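Thanks for asking me to look this one over. Here are my notes, written with the bench in mind.

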Amino acid sequence: MEQSDHLGFQKFIRGIILVGFTMLLFKLIISGDITNFIAPKMLPFIYFATGTFLILGTIQIFRSDSKKDMELFCDCGLDHAAKSSPIKSLLIYSIFLFPILTGFMFPEVILDSSIVAKRGINLGTSSVAAEENQNTNTQEKSTGESTAADDTQPKSVDDLYIEGLLNSEKIVVTDVEYQKISGYLETHLDEFVGKEIELTGFVYREPDFTQDQMAVSRFTVSCCVADLQVMGTLATGDEVNNLKNDEWVKVTGVIEKADRNGVTIPSIGISSLEKVEAPSDPYIYIY
């Protein structure tokens, strides 16, 4: 009987833990804070997990006082039940209870520049490979043009998109197009030099930045915060001098070239700068 009671208590605790995770996920979903941890495309999986935890937790709780567990114990003189000390059980279950309790006790915090200092920031450091690819594509295109009788080949989707950006009066970088436009600036920088651009992000300064330099930065998330990366565009101007890390700004300026550790990267010569409120959802989601 004592062993049966012990097994029933174990099932009850496991059921409470599963229901606790259900309540935590439900709280994050209702408040909208769930997107502080995962990309929106992962929400269907979270909904499925929430429902599954609720069902399994409820089953475990109802089974905790089931009399059928008595059948697990025979009168053969041998102990068929796995034994564990109370301290060991407490430590094991604490591993699962801790994230539930902290999830309810502490507010969700948006990541800031302290994370950038640890993870580093991408300021167009992939430009070397991008320039090599661009040179290769240029050579292939010139070879194709020399053998073609006329210039009748249709333009690719990328070419049409870049052409649209170049023909626009000003490039306004939205959250949806952030990743795409940033990539095109790196791979086709020569074509974009001198073009006006508007960009919004938070201020971050590397230790070796000059007083008039900053990175207009954004966090990018593909699946969840575990794969988070930090992208930034170098911006230069006297307006930067009094700005602090994590302040959100809207920057308008002209695209230029800059040298960063021997690598040519995009830069913005600031013509106007405006402090703005941080968006309710500050992450850029990569699809």
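How many disulfides does a search of the whole structure find? The points below start there.

1. **Cysteines.** This is a predicted model, and a search through the whole structure turns up zero disulfides. For cysteine 223, the closest cysteine sulfur belongs to cysteine 224 and lies 4.3 Å away, which is too far for a bond. The cut-off for calling a disulfide is a pair of sulfur atoms within 2.5 Å. Seen from the other side, cysteine 224 is in no disulfide either, its nearest cysteine sulfur being that of cysteine 223. Cysteine 223 is partly exposed, with a relative accessible area of 29%, and cysteine 224 is partly exposed too, at 22%.

2. **Helix 2, length.** Helix 2 takes in residues 43-63, 21 residues in total. At 1.5 Å a residue it should span 30 Å, and the C-alpha atoms at its ends are indeed 30 Å apart, so expectation and model agree.

3. **Helix 2, two faces.** Which residues of helix 2 are buried? They are Leu43, Ile46, Thr50, Gly57 and Gln60. These residues cover an arc of only 105° around the axis, so they sit on the same side of helix 2. As a reminder, an α-helix has 3.6 residues a turn, so residues three or four places apart point the same way. Turned away from the buried side is a face that carries the exposed residues Pro44, Phe45, Phe48, Ile55 and Phe62.

4. **Strand 6 and its neighbours.** Strand 6 (residues 263-275) runs parallel to strand 4 (residues 229-236), and three bridges join the two. Here leucine 234 has serine 267 of strand 6 as its bridge partner. Strand 5 (residues 248-260) runs antiparallel to strand 6, with 12 bridges between them. In this pairing, alanine 258 stands opposite isoleucine 265 of strand 6.

5. **The hairpin.** Strand 5 and strand 6 form a hairpin with two residues between the strands. Have a look at asparagine 261 there, which takes a positive phi near 55°.

6. **Confidence.** The protein averages a pLDDT of 80, and 79% of the residues score at least 70. Among the elements, strand 2 (residues 196-204) has the highest mean pLDDT, 94, and helix 5 (residues 127-147) the lowest, 44. Over residues 126-150 pLDDT stays under 50, and the model has 13 contacts beyond four places in sequence for this stretch. Where pLDDT is low, the predicted coordinates should not be read in detail.

Key:
Residues numbered from 1 in each chain as written. Predicted model: local features only at pLDDT ≥ 70, side-chain atom pairs only at ≥ 80, totals over all residues. Heavy atoms only, no water. Helix = DSSP H or I, 4+ residues; strand = E, 2+ residues; numbered from the N terminus. Expected span 1.5 Å × (residues − 1). Buried < 20%, exposed > 50% of the residue type's maximum accessible area, 1.4 Å probe, protein only. Arc of directions from axis to C-beta. Pairing = 2+ DSSP bridges. pLDDT = per-residue confidence, 0-100. Contact = heavy atoms within 4.5 Å.
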